[in-house]
Structure formats: structure tokens, C-alpha cells
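Student: I'd like to learn how to read a protein model one feature at a time. Could we work through an example together?

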Amino acid sequence: MPRFKFGKDQRLLRASEFQEVFDLNTCKISHPNWLLLAKFNTSYGSRLGLVIGKKNIPTAVQRNLVKRIARETFRKQQFQSPVDVVFLARNGADKLSREKLTQIIQNSWVKLDARCKMLEVQGA
């Protein structure tokens, strides 16, 4: 059985890493409750950065739930090519039920992987 961990090597840690994804993103997935920005990387596996603002999701409990679900679904998703992803939460993400939130975020990862694969094939 594969081990699904979410270590430091799977996270964007520095502001410069986040800024690089914001400036050089190649794939975007937009949803009314969040935005996914991604760029290809060559030196690492897929990495995730979370931007969950207090302005968009006011309670800490809801922010932590969104972060937990985003991390859990990300680490279970096997991306075909390594990407750096920034998950930006928008207003309303805290209004969804846990099951609905999980399902929609999983679908977003699948869409992102498909879009990145398509872009990679077009670029080759």
C-alpha cells in the first residue's frame, strides 16, 4: 500500500516560490470558491502552496478544514508531470459541506492534471 505523506518536500515554503507560481503560471483552474495556479517544475515533485485568507474565510475552524481537505486531496492525486500549485481560497468555500468540498476539490485536481498534460503535449 502506498504511503501518502505531506512532507516539506511537497510544500511551497518561501515567498519567492509562491511569487514564481503567481508570475509564471502555465495552468489555471478557476472555480467560484477557489483558484488553482500551476507551473511546471523540473527539480522537484509536485508541490502545493495554500493561500487561505481570513478575509475570505473568517473562522479559523473553516480555514483549517479547507486547508486539510486541499492537502489531503492533493497528496492523493498523482500528477503526471511535476507541478508547483498555489491554491487560493475565495469567498464561499467555507459554505460547502465537507463531502461536497472534497469532491469538488478532487475534480479540480483532475482537471488541473489534464490541462497541464495537454499543455505539455502541445509544447513538446
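Student: Let's begin with contacts. Leaving out residues up to four places away in sequence, which residues does Glu 120 touch?

Tutor: Happy to start there, and please keep in mind that this is a predicted model. Two residues are in contact when heavy atoms lie within 4.5 Å. With residues up to four places away in sequence set aside, Glu 120 touches Phe 40 and Ser 81. Glu 120 belongs to helix α3, which spans residues 98-123. Along the chain, Glu 120 and Phe 40 are 80 residues apart, yet their C-alpha atoms are separated by 8.9 Å.

Student: And what does Ser 81 touch, beyond residues up to four places away?

Tutor: Ser 81 touches Phe 40, Ser 46 and Glu 120. You will find Ser 81 in the loop between α2 (60-76) and β4.

Student: How do I judge burial: is Ser 81 buried or exposed?

Tutor: Look at the relative accessible area: under 20% is buried, over 50% is exposed, and in between is partly exposed. Ser 81 has 6% relative accessibility, so this residue counts as buried. Its contact partner Glu 120 comes to 39% and is therefore partly exposed. Asp 23, in helix α1, has 54% and is exposed.

Student: Which residues does Leu 112 contact, apart from neighbours within four places in sequence?

Tutor: Leu 112 sits in helix α3 and is buried, because its relative accessibility is 0%. Its contacts outside that window are Cys 27, Ile 29, Leu 36, Ala 38, Phe 79 and Val 85. As for a distance, the C-alpha atoms of Leu 112 and Arg 11 are 17 Å apart, with their positions 101 residues apart along the chain.

Student: Now for a whole helix. Which residues of α1 are buried?

Tutor: First, the general idea: an α-helix has 3.6 residues a turn, so residues three or four places apart point the same way. In helix α1, residues 15-24, the buried ones are Glu 17, Phe 18 and Val 21. They lie on the same side of α1, because the arc they cover around the axis is only 100°. Their cover includes β2 (34-40), β3 (47-51) and β4 (83-89).

Student: What does the face of α1 turned away from the buried side carry?

Tutor: That face carries the exposed residues Ala 15, Asp 23 and Leu 24. For Asp 23, you can also check a distance across the chain: its C-alpha atom is 9.4 Å from that of Lys 39, which is 16 residues away in sequence.

Student: Zooming out, what pattern does the protein chain follow along the sequence?

Tutor: The chain has three helices and four strands, in the order α-β-β-β-α-β-α. Its radius of gyration is 14 Å, close to the 14 Å from the globule rule for 124 residues, so the chain is as compact as a globular protein of that length. Its C-alpha atoms fill a box of roughly 45 × 35 × 25 Å along the principal axes.

Student: Which totals would help me round off the picture?

Tutor: Burial first: 41% of the 124 residues count as buried. For contacts between residues at least 6 apart in sequence, 79% join residues at least 24 apart. The accessible surface is about 7,400 Å², and 52% of that belongs to carbon and sulfur atoms. Finally, the chain has 23 positive and 10 negative charges, whose mean positions are 6 Å apart.

Notes. Residues numbered from 1 in each chain as written. Predicted model: local features only at pLDDT ≥ 70, side-chain atom pairs only at ≥ 80, totals over all residues. Heavy atoms only, no water. Buried < 20%, exposed > 50% of the residue type's maximum accessible area, 1.4 Å probe, protein only. Helix = DSSP H or I, 4+ residues; strand = E, 2+ residues; numbered from the N terminus. Arc of directions from axis to C-beta. Rg over C-alpha atoms; globule rule 2.2 N^0.38 Å. Areas by Shrake-Rupley, 256 points an atom, 1.4 Å probe, with all protein chains shown as cover. Lys, Arg positive; Asp, Glu negative; His and termini not counted. Charge placed at Lys NZ, Arg CZ, Asp CG, Glu CD.
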